[in-house]
Amino acid sequence: MFRNHTALLALVMIPLLSVGCGGGGDSAESEPAAAEPAEAMGEMGAADAMAALLNPNLAGEEELMSIPGITAEVAAAIAGGRPYVRAADVHAALSAAIGDDAAMAAYESLWLPINLNDVTNDEILLIPGVGDRMAHEFEEYRPYEGMGEFRREIGKYVDGDEVERLARYVYVPIDLNSATREEIMAVPGMTERMAHEFEEYRPYTDLDEFRREIGKYVDEDEVARFERYVTLN
């Protein structure tokens, strides 16, 4: 169903470019304090920390090339490997092309949002500034019913700015039959027209029905990408 990432994996010999972003080391060694606000942003300003992250399934090649370490060849290969279904898929391909440290640094700007309720510990540790202790807190409160719950629970350990920084990296799937238009529009790459189609076929009885109906408007890769963000309760 998904195209493989052979093109990107073939770039393993591309030399690393120097990366100026912080946070590219072993994230397990940079744990935020459990009882105090995290220092993960370092000297980065709040406005920069809250900037939107590029989505590897949606970003244009020129946008990808704005990230240190990503050349035109790597950007083209990233685009050619779409759709990526998990953050681990992106990391496997990107680290093979530009090296693990450069890939980790790239996640300050580039990221495939991860589902809080099924993400692996290894994927959580790819988030810049997150170490073992914070990864444990991410997992402790599963299953999350929504992002409001995530903000409340993680806010026990870090300050509001850090909660919002972390929130850019994660999501909780929305319920197809009860999600508001605002919640649907928060799905990456969503348009008003497609949001209307999401609502048009309610109530959905199962995800196969969702795949079938939404597949009338987009190809199967795009259906699979949308499916990451939805659930049926």
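1. Start with Tyr204. Tyr204 sits in the loop between helix H12 (192-200) and helix H13 (207-214). Keep in mind that this is a predicted model. Is Tyr204 buried or exposed? Its relative accessible area is 4%, so Tyr204 is buried, since buried means under 20%.

2. Look next at what surrounds Tyr204. Neighbours within four places in sequence are set aside here. Tyr204 is then in contact with Leu176, Asn177, Glu197, Phe198, Glu209, Phe210, Ile214 and Leu232. Take Leu176 from that list: Tyr204 and Leu176 are 28 residues apart along the chain. Their C-alpha atoms are separated by 7.1 Å. The side chain of Tyr204 also has a polar partner. One of its polar atoms lies 2.7 Å from the backbone oxygen of Phe198.

3. Move to another loop, the one between helix H2 (46-49) and helix H3 (61-64). Asn55 is placed there. Asn55 has a relative accessibility of 9%, so Asn55 counts as buried. A polar atom of the Asn55 side chain lies 2.8 Å from the backbone nitrogen of Asn57. Which residues touch Asn55, once neighbours within four places in sequence are left aside? They are Leu110, Trp111, Leu112, Pro113, Pro188 and Tyr229.

4. Leu58 belongs to the loop between H2 and H3 as well. Its relative accessible area is 39%, so Leu58 is partly exposed. The cut-offs explain the label, because partly exposed lies between under 20% for buried and over 50% for exposed. Beyond neighbours within four places in sequence, Leu58 is in contact with Arg82, Pro188, Gly189 and Arg225. Pro188 deserves a second look. Leu58 and Pro188 are 130 residues apart in sequence. Their C-alpha atoms are 8.2 Å apart in space. Pro188 is also among the contacts of Asn55.

5. Now the cavities. How many cavities of 30 Å³ or more are there? The count comes to two. The second largest holds about 40 Å³ of space. Its lining consists of Pro56, Ala87, Val90, Tyr107, Leu110, Trp111 and Leu112. By type, that lining divides into seven nonpolar residues, no polar and no charged. Leu110, Trp111 and Leu112 should look familiar: they are among the contacts of Asn55.

6. The largest pocket comes next. About 670 Å³ of space lies in the largest pocket. Its lining has 27 residues. Met147, Tyr171, Val172, Pro173 and Ile174 lie nearest its centre. Four elements each supply at least two lining residues: helix H9 (147-154), strand S2 (170-171), strand S3 (174-175) and helix H11 (181-185). What mix of residues makes up the lining of the largest pocket? The lining divides into 15 nonpolar, six polar and six charged.

7. Finish with the whole protein. There are 14 helices and four strands. Of its 233 residues, 50% count as buried; Tyr204 and Asn55 are among the buried ones. The protein exposes about 11200 Å², and carbon and sulfur atoms supply 51% of that area.

8. One last point concerns contacts along the chain. Take the contacts with a separation of 6 or more: residues 24 or more positions apart account for 65% of them. The residues met above offer examples. Tyr204 is in contact with Leu176, at 28 residues apart. Leu58 is in contact with Pro188, at 130 residues apart.

Technical notes: Residues are numbered from 1 along each chain as its sequence is written. This is a predicted model: local features need pLDDT of at least 70, side-chain atom pairs count only at pLDDT 80 or more; totals for chains, interfaces and linings use all residues. Side-chain values use heavy atoms; hydrogens and water are left out. Buried means under 20% relative accessible area, exposed over 50%, partly exposed in between (1.4 Å probe, protein chains only). A polar contact is a pair of N or O atoms within 3.5 Å; within protein, one must be able to donate a hydrogen and the other to accept it, and residues adjacent in sequence count only if both atoms are side-chain atoms. Contact means heavy atoms within 4.5 Å. Accessible areas come from the Shrake-Rupley method with a 1.4 Å probe; for residues, only the protein chains shown count as cover. On a 1 Å grid over the protein atoms alone, a cavity is a set of points where a 1.4 Å probe fits but cannot get out, and a pocket is an open set with protein on both sides within 12 Å along at least five of seven lines; lining residues have an atom within 4 Å of a point. Grid points are joined across faces, edges and corners, and a volume is the space filled by probe spheres set on the points. Ala, Val, Leu, Ile, Met, Phe, Trp, Tyr, Cys and Pro count as nonpolar, Asp, Glu, Lys and Arg as charged, and the others, Gly among them, as polar.
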